[in-house]
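Trainee: I am new to this structure and would like to go through it step by step. Could we begin with the ligand and then turn to a pair of helices?

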Amino acid sequence: MKDNLQVFDNVLDLIGKTPLIKLNKLTASFDGDFYAKVEAFNPGHSSKDRIALHIIEEAERQGILTPGDTIIETTSGNTGFSIAMVSIIKGYECILAVSSKSSADKIDMLKAMGATVYVCPAHVSADDPRSYYQVAKRLHEERKGSIYINQYFNQLNIDAHYNTTGPEIWKQTEGKITHLIACSGTGGTISGTSKFLKEQNPDVKIIGVDAYGSVLKKYHETREFDENEIYPYRIEGLGKNLIPTATDFDLIDKFVKVTDEDSAHTAREISRTEGLFVGYTSGAAMQAIKQLSEEGEFKKGDKIVVIFPDHGSRYMSKVYSDKWMESQGFFDSKNVTSETIQYI
Ligand code: PMP
């Protein structure tokens, strides 16, 4: 076993420097070597720790934020958890407007971390006063001494990954990375990471993962916002019904779309085969790799890095619940059920 016996001043010192872990079984029959950047190793269990810390510390540097002030954000859960964690250590109040699509365990976790949570309807347009964007905006305007993180439209979201995730992956692959596969929500992860990687080697291929029901892939291909692309889907944190300015579409070579069902099964498969207990979008990213491999995207000797954004424990009432999988009809076509629980 390799050791990590350092002593840290507080939990924030553990943000970033996440491990790159070789995938040994899932990809055994594919051409190329596959590595996962496992962001669940952040203390807040997701990649969002990086942006929470960077955006808050940048506001402090600019003198916009002083202890006792309030930090407000819209979030599907992970960013909220990270902001709440940073707020505790630094002494800020944290208010979060979340989508009703977020899992109950995510919302309870935010409350456990001392945040005040507003749950807003998921299937209303972004400019509806009930949407989580508008609720957060209003709270920010009403509260003196507050900042609005606004992750979808904040350049600092990209910078956080340009400063940390990109250099880490470059170092961990000794500059040999050929492909980066990353889910796109705000687009901060894929944009910041690929900006750094492409500066080192413009040939690194950047592939974004999008959901059916989201506008990102179509926008990338046409630069047009097509409302007809939008319909409800299950995966949280991936895809969007608007065009975030935190996504630099020019840095992304192509997008792949994945289904709710395939992504859910693949998330479960990653846990079972690699021993990495990961979230729904990690399943989506891995599902994209399966599809790309089938299309002949990878060749022997390629070094492919996939980002696994968060931890499976956040999806106990969804992807890791047989009941939920069944209710979605996700067991129907594949003739799969859970056979690992023995009732005596
Ligand atoms: N996966 C999960 C679980 C997320 O919460 C997010 C963030 N919305 C992403 C992937 C996508 O990351 P980004 O916002 O940096 O594009």
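Trainee: How far does a polar side-chain atom of Thr189 lie from an oxygen atom of the ligand?

Mentor: Keep in mind that this is a predicted model. Thr189 is listed with Lys48, Gly185, Thr186 and Thr281 as the residues that come nearest, out of 16 around the ligand. Between a polar atom in the side chain of Thr189 and an oxygen atom of the ligand, the distance is 2.5 Å.

Trainee: Which residue has a side-chain N or O atom 2.7 Å from a nitrogen atom of the ligand?

Mentor: Asn78 can be set aside here, since its side-chain N or O atom is 3.1 Å from an oxygen atom of the ligand. The contact with a ligand nitrogen atom, at 2.7 Å, is made by the side chain of Thr281.

Trainee: How much of the ligand's accessible area does the protein cover?

Mentor: The shell around the ligand consists of 3 nonpolar, 10 polar and 3 charged residues. On its own the ligand has 390 Å² of accessible area, and the share of this that the protein covers is 98%.

Trainee: Are helices α5 and α6 roughly parallel or roughly antiparallel to each other?

Mentor: The axes of α5, residues 155-163, and α6, residues 165-172, come within 3 Å and cross at roughly 25 degrees. Angles under 35 degrees count as roughly parallel. Helices α5 and α6 are therefore described as roughly parallel.

Trainee: How many charged residues does the contact of α5 with α6 have?

Mentor: In this contact, Ala160, His161, Tyr162 and Asn163 of α5 meet Thr165, Gly166 and Pro167 of α6. By class there are 3 nonpolar and 4 polar residues, while the number of charged residues is none.

Notes. Residues numbered from 1 in each chain as written. Predicted model: local features only at pLDDT ≥ 70, side-chain atom pairs only at ≥ 80, totals over all residues. Heavy atoms only, no water. Near = heavy atom within 4 Å. Polar contact = N/O pair within 3.5 Å; in protein donor to acceptor, adjacent residues only side chain to side chain. Areas by Shrake-Rupley, 256 points an atom, 1.4 Å probe, with all protein chains shown as cover. Nonpolar A, V, L, I, M, F, W, Y, C, P; charged D, E, K, R; others polar. Axes fitted to C-alpha atoms, helices over the stretch in contact; angles between N-to-C directions. Helix = DSSP H or I, 4+ residues; strand = E, 2+ residues; numbered from the N terminus. Parallel < 35°, antiparallel > 145°, perpendicular 65-115°, else oblique. Contact = heavy atoms within 4.5 Å.
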